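Work through the exercises below with the model open. Each task is followed by a stepwise solution.

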Amino acid sequence: MISTQGLSPMLGISLIRENRDMFETSVRAEATAKREIAAFEERIGSIQSIDDLVKDYETFSFVMKAFDLEQEIYAKAMMKKIITADPDDKSSIINKLTGSKYKAINEALDF
């Protein structure tokens, strides 16, 4: 794995973008990541609602990590609102937040 410590943010992002395949391959090779991916693949088919997702801590954590929202795992009620928000409603929470990660998870999960 290439370290980005000490690099400017833009240089670090550029380095990661250029070496994305290598980063993904190294992450997927880690034993912990393999177990998490296998557990996700096994369970995701049974998730039918946002409540199902939030109740399944392992799957919910995996999804949150995938969207770089690991620090928000504890905020289940807020994440439920974000994931189920209507992006077409100008007054919805998803349109009040500035982070693109929130819009990305809302769009991808589409509950």
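How does Arg43 count by relative accessibility: buried, partly exposed or exposed? Arg43 has 28% relative accessibility, so Arg43 counts as partly exposed. The cut-offs are under 20% relative accessible area for buried, over 50% for exposed and in between for partly exposed, with a 1.4 Å probe and protein chains only.

The model is predicted: local features need pLDDT of at least 70, side-chain atom pairs count only at pLDDT 80 or more, and totals for chains, interfaces and linings use all residues. Residues are numbered from 1 along each chain as its sequence is written, and side-chain values use heavy atoms, with hydrogens and water left out.

**Exercise 1. Describe the chain as a whole.**

Step 1. Take the secondary structure. The chain has 7 helices and 0 strands. Helices (H or I, at least four residues) and strands (E, at least two) are DSSP runs, numbered from the N terminus. The pattern along the sequence is α-α-α-α-α-α-α.

Step 2. Take the extent. The C-alpha trace spans about 40 × 35 × 20 Å along its principal axes.

Step 3. Take burial and contacts. Of the 111 residues in the chain, 24% are buried. A contact means heavy atoms within 4.5 Å. Among contacts with a separation of 6 or more, 32% join residues 24 or more positions apart.

**Exercise 2. Work out how helix 2 and helix 3 are arranged.**

Step 1. Choose the quantities. Two packed helices are described by the angle and the distance between their axes. Here, axes are lines fitted to C-alpha atoms, for helices over the stretch in contact, and angles run from 0 to 180 degrees between N-to-C directions.

Step 2. Read the values. The axes of helix 2 (residues 20-29) and helix 3 (residues 31-43) come within 5 Å. They cross at roughly 85°.

Step 3. Classify. Helix 2 and helix 3 are therefore roughly perpendicular. Angles under 35 degrees count as roughly parallel, over 145 as roughly antiparallel, 65 to 115 as roughly perpendicular and the rest as oblique.

Step 4. List the contact residues. Helix 2 contributes Val27, Arg28 and Ala29. Helix 3 contributes Ala31, Ala33, Lys34 and Ile37. This contact has 5 nonpolar, no polar and 2 charged residues. Ala, Val, Leu, Ile, Met, Phe, Trp, Tyr, Cys and Pro count as nonpolar, Asp, Glu, Lys and Arg as charged, and the others, Gly among them, as polar.

Step 5. Follow Ile37. Leaving aside neighbours within four places in sequence, Ile37 is in contact with Arg28 and Phe62. Ile37 and Thr59 are 22 residues apart in sequence, and their C-alpha atoms are 9.4 Å apart.

**Exercise 3. Find the buried sides of helix 5 and helix 6.**

Step 1. Start with helix 5 (residues 57-66). Its buried residues are Thr59, Phe60, Ser61, Val63 and Met64. They pack against helix 3, helix 4 (50-55), helix 6 (76-84) and helix 7 (100-109). Asp68 follows helix 5, with a positive phi near 55°.

Step 2. Go on to helix 6. Met79, Ile82 and Ile83 are buried there. Seen down the axis of helix 6, its buried residues fall within an arc of 95°, so they line one face. The arc is that of the directions from the helix axis to the C-beta atoms.

Step 3. Look at both sides of helix 6. Its buried residues pack against helix 4, helix 5 and helix 7. The face turned away from the buried side carries the exposed residues Ala77 and Lys81.

**Exercise 4. Trace the salt bridges that reach helix 3.**

Step 1. Apply the rule. A salt bridge is a side-chain nitrogen of Lys or Arg within 4 Å of a carboxyl oxygen of Asp or Glu. The count comes to 5 salt bridges.

Step 2. Take Lys65 and Glu36. Their side chains meet in a salt bridge at 3.1 Å, N to O. The pair links distant parts of the chain: Lys65 is in helix 5, Glu36 is in helix 3, and they are 29 residues apart.

Step 3. Take Asp56 and Arg43. The N to O distance of this salt bridge is 3.4 Å. Asp56 lies in the loop between helix 4 and helix 5 and Arg43 in helix 3, so the pair ties together parts 13 residues apart in sequence. At 16% relative accessibility, Asp56 counts as buried.

Step 4. Take Glu58 and Arg43. This salt bridge is 2.4 Å, N to O. Glu58 in helix 5 and Arg43 in helix 3 are 15 residues apart. Glu58 is partly exposed, with a relative accessible area of 39%.

Step 5. Join the pairs. Arg43, Asp56 and Glu58 are linked in a network of salt bridges.
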